[in-house]
Amino acid sequence: MKTIDIIVPCYNEEAVLPAFYDEIIKVAEDCSNYDFEFLFVNDGSRDNTQAIIESFAKKDSRVKYISFSKQ
């Protein structure tokens with residue numbers, strides 16, 4: 001089976017991440033001939049973006065993340 005990797009850049013996205021995740025999961029479910037992996041790249045968000053991404057990763061093994069900090 002082929003794999004589709006979706007890279008999601010994030011910066012202060014707490015307001016939209018849950019809706020985005022719900023929609024992208026629907027798309028993945030509709031494409032049953034493919035495996036999906038989701039890589040969220042948090043670019044130093046100062047809101048709850050990282051916590052939201054981590055909650056996705058806990059419930060969905062397809063979700064991975066990288067978190068950068070701005071100093």
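This report describes a predicted model of a protein, going from its confidence values to its strands, helices, side-chain pairs and one loop residue.

## Confidence of the model

Because the structure is a predicted model, it is sensible to begin with the confidence values. The mean pLDDT of the protein is 95, and 97% of its residues reach 70 or more. When confidence is compared across the protein, the lowest mean, 96, belongs to strand 3 (residues 63–68), while helix 2 (residues 49–59) has the highest, at 98. As a general caution, predicted coordinates should not be read in detail where pLDDT is low.

## Strands and the helices that link them

Strand 1, which covers residues 2–10, pairs with strand 2, which covers residues 34–43, and the two run in the parallel sense over nine bridges. To pass from strand 1 to strand 2 the chain goes through helix 1, and this β-α-β crossover is right-handed. Individual residues help to locate the pairing on the structure: Lys2 stands opposite Tyr34 in strand 2, and Ile6 stands opposite Phe38, which also belongs to strand 2.

Strand 2 also pairs with strand 3, again in the parallel sense, and here there are six bridges. Within this pairing, Phe40 has Tyr65 of strand 3 as its bridge partner. Strand 2, helix 2 and strand 3 together make a β-α-β unit that is right-handed. When following side chains along the strands, it helps to remember that in a regular strand they alternate between the two faces of the sheet.

## Salt bridges

How many salt bridges does a search of the whole structure find? The search finds two. In one of them, the side chains of Lys26 and Glu23 meet at 3.2 Å, taken from N to O. Both residues lie in helix 1 (residues 17–30), where they are three residues apart, which is about one turn of the helix. Lys26 is partly exposed, with a relative accessible area of 45%, and Glu23 is likewise partly exposed, at 44%.

A salt bridge also joins the side chains of Asp60 and Arg62, with a distance of 3.0 Å from N to O. Is Asp60 buried or exposed? Asp60 counts as buried, because its relative accessibility is 7% and the cut-off for buried is under 20%. Arg62, by contrast, is partly exposed, with a relative accessible area of 27%.

## Cysteines

A search of the whole structure for disulfides finds zero. The surroundings of two cysteines can still be described: Cys10 is buried, with a relative accessible area of 2%, whereas Cys31 is partly exposed, with a relative accessible area of 29%.

## A loop residue and its contacts

Asn12 is found in the loop between strand 1 and helix 1, and at 33% relative accessibility this residue counts as partly exposed. Which residues is Asn12 in contact with, leaving aside its neighbours within four places in sequence? Asn12 is in contact with Ser45, Arg46, Asp47 and Thr49.

A further distance can be followed from the same loop residue, this time between C-alpha atoms. Asn12 and Gln50 are 38 residues apart along the chain, and their C-alpha atoms are separated by 8.9 Å.

Note on methods:
Residues numbered from 1 in each chain as written. Predicted model: local features only at pLDDT ≥ 70, side-chain atom pairs only at ≥ 80, totals over all residues. Heavy atoms only, no water. Disulfide = S-S within 2.5 Å. Buried < 20%, exposed > 50% of the residue type's maximum accessible area, 1.4 Å probe, protein only. Salt bridge = Lys/Arg side-chain N within 4 Å of Asp/Glu carboxyl O. Helix = DSSP H or I, 4+ residues; strand = E, 2+ residues; numbered from the N terminus. pLDDT = per-residue confidence, 0-100. Pairing = 2+ DSSP bridges. Right-handed = clockwise from strand over helix to strand, strands pointing away. Contact = heavy atoms within 4.5 Å.
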